[in-house]
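Please open the model in your viewer and keep the sequence panel beside it. The tour below moves from one selection to the next and says what is found at each stop.

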Amino acid sequence: MSSFRKDYDVEHYRDKAKEEEQRARAFAKENEERISKGQKPLSRSAFEQRKGPKPTQKLQQRDDPLELDKNTNKTVVVAQGTRQNQPGFYCEACSRTYKDSASYLDHINSRAHLRKLGQTVDTERSTLQQVQARIALLRERTREASQKKEYDFRQRVADIRQAEIDKKTNKRKNKKAKTAIENTESGDVDEESVEMARMMGFTEKAM
């Protein structure tokens, strides 16, 4: 018997509720201590950033493409019992889902997301050797692209020339076939030419 009741990962949501309760208690305790010392209480976002892991690395370049358009014009089925409980762009590090690519892109570039990855928003200064290596790489890519474009152009010219040759050859064959039909009508019969004309679709006129 089939059931249409939606299944939930009970253990996951139970653990998530416990974590949220612990964070709420720690947040309340932190603000009570600050108020008792005459300090301004923290907002929840500021508290979460303070309690998160301390960044140990500078901003790193992404190794994999984001592929923000990979699901464009597609229907996405979200499996039940997974951490991603709705369609969209899901962040594994932060366990959050965003409905559009713009919001997701803003999130992965945010300070809070980078902090989850152990990174800061500061970038490492490139050395002279790194800059030279990057320039050499870009030059090599440009050279390969230009060579490929030149090859494609030459191939295109060769294809056009071959098409012109084939067109002229077919034109000569058609002319020869028509001449064979005319010779047949006048009595000057060339059996080989007539057979070729018939194969090409030409027929004799009715006498």
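Is Glu21 buried, partly exposed or exposed? Glu21 counts as partly exposed, because its relative accessibility is 43%, which falls between the limits of 20% for buried and 50% for exposed. Before going further, please keep in mind that this is a predicted model, and that every value quoted on the tour is computed from it.

**The whole chain**

Begin with the full chain, coloured by secondary structure, where six helices and four strands can be picked out. Followed along the sequence, these elements come in the order α-α-β-β-β-α-α-β-α-α. Then switch the colouring to confidence: the mean pLDDT of the chain is 75, and 71% of the residues reach at least 70. Helix α3 (residues 101–108) has the highest confidence, at 88, whereas helix α6 (residues 191–199) has the lowest, at a mean of 61.

A surface view adds a second overall picture, since the chain exposes about 17900 Å², of which carbon and sulfur atoms supply 49%. Of the 207 residues in the chain, 12% are buried. Among the contacts with a separation of 6 or more, 38% are made by residues 24 or more positions apart.

**First stop: helix α1**

Select Glu21 again, now together with Arg25, and show their side chains: the two form a salt bridge in which the closest N and O atoms are 2.7 Å apart. Both belong to helix α1 (residues 10–36), and because they are four residues apart there, about one helical turn separates them. Arg25 counts as exposed, with a relative accessibility of 57%, while its partner Glu21 counts as partly exposed.

**Second stop: helix α5**

The structure holds two salt bridges, and the other stop of this kind is reached by selecting Glu140 and Arg143, whose closest N and O atoms are 2.5 Å apart. These residues lie in helix α5 (residues 128–186), where a spacing of three residues places them about one helical turn apart. Glu140 is partly exposed at 31% relative accessibility, and Arg143 is likewise partly exposed, at 39%.

**Third stop: an aromatic pair**

How many aromatic pairs does the structure hold? There is one, and selecting Phe89 and Tyr104 brings it into view as a stacked pair, with 5.5 Å from centre to centre and 25° between the planes. The pair links distant parts of the chain, as Phe89 is in strand β2 (residues 89–91) and Tyr104 is in helix α3, 15 residues apart. The angle counts as stacked because the limit for that class is under 30 degrees. The two rings fall into separate accessibility classes: Phe89 is partly exposed at 22%, whereas Tyr104 is buried, with a relative accessible area of 15%.

**Fourth stop: the nonpolar core**

Keep Tyr104 selected and add Cys91, Cys94, Tyr98 and Ile108, which together with Tyr104 make up the largest nonpolar core, a set of five residues. In soluble globular proteins, nonpolar side chains tend to be buried together.

**Fifth stop: Tyr98 and its surroundings**

Within that core, centre the view on Tyr98, which lies in strand β3 (residues 96–98) and is buried, with a relative accessible area of 13%. Which residues does Tyr98 contact, leaving aside its neighbours within four places in sequence? They are Gly88, Phe89, Ser103, Tyr104 and His107, so that both members of the aromatic pair appear in the list of contacts. For a backbone view of one of these contacts, draw the C-alpha to C-alpha distance from Tyr98 to Gly88, which is 5.5 Å although the two residues are 10 apart in sequence.

**Last stop: the loop before β3**

Finally, move to Ser95, in the loop between β2 and β3. Its phi is near 55°, a positive value in a residue other than glycine. Ser95 is partly exposed, with a relative accessible area of 29%.

Technical notes
Residues numbered from 1 in each chain as written. Predicted model: local features only at pLDDT ≥ 70, side-chain atom pairs only at ≥ 80, totals over all residues. Heavy atoms only, no water. Salt bridge = Lys/Arg side-chain N within 4 Å of Asp/Glu carboxyl O. Helix = DSSP H or I, 4+ residues; strand = E, 2+ residues; numbered from the N terminus. Buried < 20%, exposed > 50% of the residue type's maximum accessible area, 1.4 Å probe, protein only. pLDDT = per-residue confidence, 0-100. Phe/Tyr/Trp six-rings, centres within 6.5 Å; stacked < 30°, edge-to-face > 60°. Contact = heavy atoms within 4.5 Å. Areas by Shrake-Rupley, 256 points an atom, 1.4 Å probe, with all protein chains shown as cover. Core = buried A, V, L, I, M, F, W, Y, C linked by side-chain atoms within 4.5 Å.
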